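Please open the model in a viewer and keep the sequence panel visible beside it. The tour below proceeds by selections, each followed by a short account of what is found there.

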Amino acid sequence: MTLPLIAIAALVAYIIICPLRRTIHMLQQNSYRLERYWDWYMPRARQELRKGEIVLILPLLGALISAPAFAAAAFIAAALLLFIYWPRPQAEKKPLVFTARVKRLYALSALFVLIDGFIIAAFLLWLRPWLIVAALALALMCVGANYYALGALRMIEPLERRIANRYLNEAKRRLSELLYLTTVAVTGSYGKTSVKLIAAAICSEKYMTLATPASYNTPMGVTRVIREQLRPLHQVFIAEMGAKQVGDIAELCELAPPKIGILTAIGEQHLESFGSLANIINTKFELIEHLPADGTAVLNFDDANIAANAHRSPCRVISYGLSADYDFWADDIRYGKDGSSFTVHHDADSRAFSCRLLGRHNVSNILAAVAAASVLGVTLAEAARGVKGLQPIEHRLQLRQAQDYYIIDDAFNANPAGAASALEVLSCFEGGQKIVITPGMVELGEAEYRLNYQFGRQMAAVCDQIILVGKKHSLPLQEGVRDADFPRERLFVAADLKEARRHLTTILSPGSVVLFENDLPDSYDEA
């Protein structure tokens with residue numbers, strides 16, 4: 001009986017280390033929401049079931065027929081297969097973060113696996129005629145490994161809710177005690193992280209400023225920043241507010257009531273989860289509608305969806321964009337290897353700006369931050385000084401030189417407007433060949449095919465070489481590129497980013513400019 005028991009122990013360890021971890025990782029990437037997890041899992045169910053793991057029941061079958069030699073051979077075969085399938089370290093684009101919540105979820109899920117393993121071992125020790133049942137149970141453990149985590153998630157949900165509410169209430173209390181703090185909230189389908197960082201740099205020229213880091217734009221993310229980083233000496237708090245469904249922004253506004261609200265853009269990003277453009281508009285305007293009567297709404301009037309709904313603001317509106325009709329506007333925009341230069345206008349005041357950021361949409365982002373800072377008394381001269389010191393934002397049109405060619409890293413969450421702006425920047429570089437590497441755009445609902453097809457045609461008009469990532473997902477891009485009569489020999493479709501990078505090395509030449517447009521998270525990897 002020793003060999004089957006060892007096999008059970010090995011299989012239990014394997015499930016805890018590999019399939020269970022994978023499930024919890026994907027739950028974290030889907031905000032622990034079961035409906036989002038299932039939307040990710042169902043199209044990939046067959047890929048996620050590692051049938052090879054079931055071979056670990058071979059020692060049991062050997063013991064079942066009472067053939068020691070066969071059992072030993074089966075155990076050796078199972079051990080070899082276990083070695084083959086044992087999880088190897090992989091470079092995850094967004095690694096699993098072992099937060100306190102993940103640790104609780106992982107511990108409870110692992111406990112369920114151990115209990116099942118113990119029950120199966122008990123069958124072998126005391127109910128030998130049930131050996132075949134034990135073997136089938138092991139097979140089910142492999143096939144349904146994700147259910148341990150999903151069951152644990154359901155069971156632990158009330159506890160997580162109580163913990164979250166305690167933290168939220170503590171954050172609200174801390175904000176209410178800071179009477180001289182001005183909260184600036186930023187939302188939009190895209191551009192909000194960039195605007196937040198730019199606004200923080202500008203406001204820091206005059207005030208003690210704290211901005212939520214990275215993409216901390218959920219209630220628990222903002223709560224953590226308030227509890228751990230916000231201090232009485234801070235005068236301005238800039239909070240990014242993200243949303244994937246109606247009501248998300250309203251929840252954030254109740255947590256951190258804003259005095260100034262910036263709305264950067266409304267587009268078809270996350271259309272898959274919102275269901276309609278009308279829902280996206282209503283959700284983004286939750287920020288504006290939560291502003292107080294003496295507050296200020298800073299709105300991008302270049303965006304038709306925003307301009308058409310500006311009347312929903314209960315307070316003063318400041319418009320910005322690339323038209324002289326707006327309160328803050330810019331012209332004389334130029335790009336180069338050193339960044340961008342442009343002129344900002346407000347009333348009778350004009351000021352030349354320069355920075356290392358690239359892209360027309362970044363000029364718009366800077367205008368948003370300048371307009372919001374003006375409400376706090378920051379002048380154009382002070383704003384220009386703050387902008388000049390900005391470092392390129394990681395993975396957002398970040399330009400760097402690699403040997404004898406240039407890379408434009410725009411890997412963070414491509415959207416239709418951002419993708420078009422990235423291609424515009426690429427088109428401004430002269431001398432070398434222009435290359436793009438992209439998997440396209442996601443979370444666009446029914447519009448996803450159409451928008452990726454258009455993106456393919458736009459790439460064909462600008463690029464000398466096109467490398468698409470994901471043979472299935474990139475089909476709309478492939479059709480758009482080919483329908484634009486792009487030379488087939490200059491189009492390469494890679495299975496994954498690793499293959500795309502290998503192909504890139506075969507076509508590079510001195511002076512080339514390579515645009516990396518979007519890099520899908522692990523949950524979008526194709527088998």
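Select Ile-466 and then Leu-491 in E14: the two residues stand opposite each other. Please bear in mind throughout that this is a predicted model. Now extend the selection to the whole of both strands. E13 and strand E14 (residues 491–494) are joined by four bridges and pair in the parallel sense. To follow the chain from E13 to E14, add helix H20 (residues 475–483), through which the chain crosses; this β-α-β crossover is right-handed.

**Strand E13**

Keep strand E13 (residues 465–469) selected and display its side chains. Are its residues buried or exposed? Five of its five residues are buried, and the strand is mostly covered. Gln-465, Ile-467 and Val-469 point one way from E13, whereas Ile-466 and Leu-468 point the other way.

Next, select strand E12 (residues 434–438), which runs parallel to E13 and is joined to it by four bridges. One pair to display here is Thr-438 and its bridge partner in E13, Leu-468. Add helix H19 (residues 448–462) to the view: E12, H19 and E13 make a right-handed β-α-β unit.

**The six-stranded sheet**

Now widen the selection to the sheet as a whole. In which order do its six strands lie? The order is E10-E11-E15-E12-E13-E14, in an open sheet with mixed pairing. Strand E10 (398–402) and E14 each have a single partner strand, so one side of each is left without a neighbour in the sheet. On average, neighbouring strands of this sheet are turned by 20 degrees against each other, direction ignored.

Two helices may be added at this point. Helix H21 (residues 497–507) packs on the sheet and touches E12, E13, E14 and E15. The direction of H21 makes about 165 degrees with that of E13. H19 lies across E12, E13 and strand E15 (513–517), and runs at about 160 degrees to E12.

**A single residue: Val-493**

Zoom in on Val-493, which lies in strand E14. Why does Val-493 count as buried? Its relative accessibility is 15%, and buried means under 20%. Leaving aside residues up to four places away in sequence, Val-493 touches Leu-468, Gly-470, Lys-471, Ser-474 and Gln-478. For a distance to display, choose the C-alpha atoms of Val-493 and Lys-472: the two residues are 21 residues apart along the chain, and these atoms are separated by 9.7 Å.

**The nine-stranded sheet**

Move to another sheet. Select its nine strands, which form an open sheet in the order E2-E3-E1-E4-E5-E6-E7-E8-E9, with mixed pairing. Its edge strands are strand E2 (209–211) and strand E9 (349–355), each of which pairs on one side only. From one strand to the next, the twist averages 20 degrees.

Within this sheet, select strand E5 (residues 296–300) and strand E6 (residues 316–321), which run parallel and are joined by five bridges. Val-298 stands opposite Ile-318 in E6. Then add helix H14 (residues 277–289), which packs on the sheet and touches strand E1 (182–187), strand E4 (260–263) and E5. The direction of H14 makes about 155 degrees with that of E4.

**Helix H16**

Select helix H16 (residues 360–375), which lies across E4, E5, E6, strand E7 (328–336), strand E8 (339–346) and E9. H16 runs at about 140 degrees to E7. From its first C-alpha to its last, the 16 residues of H16 reach 24 Å, close to the 22 Å expected at 1.5 Å a residue.

How many of the residues of H16 are buried? Twelve of the 16 are, so the helix is largely enclosed by the rest of the structure. The buried residues include Asn-362, Val-363, Ile-366 and Leu-367. Just after H16, select Gly-377, which takes a positive phi of about 95 degrees.

**The whole chain**

Finally, clear the selection and view the entire chain, which has 21 helices and 15 strands. Of its 527 residues, 52% are buried. Among contacts in the chain with a separation of 6 or more, 71% are between residues 24 or more positions apart. The accessible surface of the chain comes to about 23900 Å², and 56% of it belongs to carbon and sulfur atoms.

How values were computed: Residues numbered from 1 in each chain as written. Predicted model: local features only at pLDDT ≥ 70, side-chain atom pairs only at ≥ 80, totals over all residues. Heavy atoms only, no water. Pairing = 2+ DSSP bridges. Axes fitted to C-alpha atoms, helices over the stretch in contact; angles between N-to-C directions. Contact = heavy atoms within 4.5 Å. Expected span 1.5 Å × (residues − 1). Buried < 20%, exposed > 50% of the residue type's maximum accessible area, 1.4 Å probe, protein only. Areas by Shrake-Rupley, 256 points an atom, 1.4 Å probe, with all protein chains shown as cover. Right-handed = clockwise from strand over helix to strand, strands pointing away.
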